[in-house]
Amino acid sequence: MKEAILILALLMVFIFVYFLMRKLDVFLNENRTSIENESEKKEPSFVMLTDELSDEEITSEVRRFRSKHRKTKIFLYESTDTEHDE
């Protein structure tokens, strides 16, 4: 009799955990999709300006970026990559 009660109790625990995990899976899936949708809507908060761009293109890109991002800070640095050194 004790074994039957133990088996029934374990079966009830497994059923409870199964339904709990299904609810958690649905919640996490909805959360993940909403985060992905938000990140797709946002524009990146950085712009890479390469040496292939002309001065006018760089200026217009900086102006466009600043119009969308009010608290813009611009950092300039020299690349230490030796492949591009002339």
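These are my notebook entries on a predicted model of one protein chain.

**Overall make-up**

I began with the secondary structure, and the protein chain came to two helices and zero strands. I then looked up burial, and found that buried residues make up 2% of the 86 residues in the protein chain. For the surface as a whole, I noted that the chain exposes about 9,000 Å², with carbon and sulfur atoms supplying 61% of that area.

**Nonpolar patch**

I next asked which residues make the nonpolar surface patch of about 750 Å². I wrote down Val 13, Phe 16, Val 17, Leu 20, Met 21, Leu 24, Phe 27 and Leu 28 as its members. I took Leu 28 for a separate look: this residue has its place in helix α1, which runs over residues 2–41, and Leu 28 is partly exposed, since its relative accessible area is 46% and the partly exposed class lies between 20% and 50%.

**Aromatic rings**

I searched for aromatic pairs and the count came to one. The pair consists of Tyr 18 and Phe 19, whose ring centres are 5.4 Å apart and whose planes stand at 70 degrees, so I entered the pair as edge-to-face; the cut-off that I needed for this step is that planes over 60 degrees apart count as edge-to-face. I also checked the accessibility of both partners, and recorded Tyr 18 as partly exposed at 47% relative accessibility, while Phe 19, at 45%, counts as partly exposed too.

**Salt bridges**

How many salt bridges does a search of the whole structure find? I found two, and I followed each of them to its helix.

In helix α1, I noted Arg 32 and Glu 36, which lie four residues apart, about one turn of the helix. Their side chains meet in a salt bridge, with an N to O distance of 3.1 Å. I looked up the exposure of each partner, and Arg 32 counts as partly exposed at 43% relative accessibility, while Glu 36 is partly exposed with a relative accessible area of 36%.

In helix α2, which covers residues 55–68, I noted Glu 61 and Arg 64, three residues apart and again about one turn of the helix. The closest N and O atoms of this salt bridge between Glu 61 and Arg 64 are 2.5 Å apart. Is Glu 61 buried or partly exposed? I entered Glu 61 as partly exposed, because its relative accessibility is 23% and buried would require a value under 20%. For Arg 64 I wrote a relative accessible area of 31%, which means that this residue is partly exposed as well.

**A side chain reaching the backbone**

My last entry concerns Thr 33, which lies in helix α1. I asked where its side chain reaches, and found the backbone oxygen of Glu 30 at 2.9 Å. Thr 33 itself counts as partly exposed, with 32% relative accessibility.

Methods
Residues numbered from 1 in each chain as written. Predicted model: local features only at pLDDT ≥ 70, side-chain atom pairs only at ≥ 80, totals over all residues. Heavy atoms only, no water. Phe/Tyr/Trp six-rings, centres within 6.5 Å; stacked < 30°, edge-to-face > 60°. Buried < 20%, exposed > 50% of the residue type's maximum accessible area, 1.4 Å probe, protein only. Patch = residues over 30% accessible without salt bridge, like charges linked within 9 Å, V, L, I, M, F, W, Y side chains within 5 Å. Areas by Shrake-Rupley, 256 points an atom, 1.4 Å probe, with all protein chains shown as cover. Salt bridge = Lys/Arg side-chain N within 4 Å of Asp/Glu carboxyl O. Polar contact = N/O pair within 3.5 Å; in protein donor to acceptor, adjacent residues only side chain to side chain.
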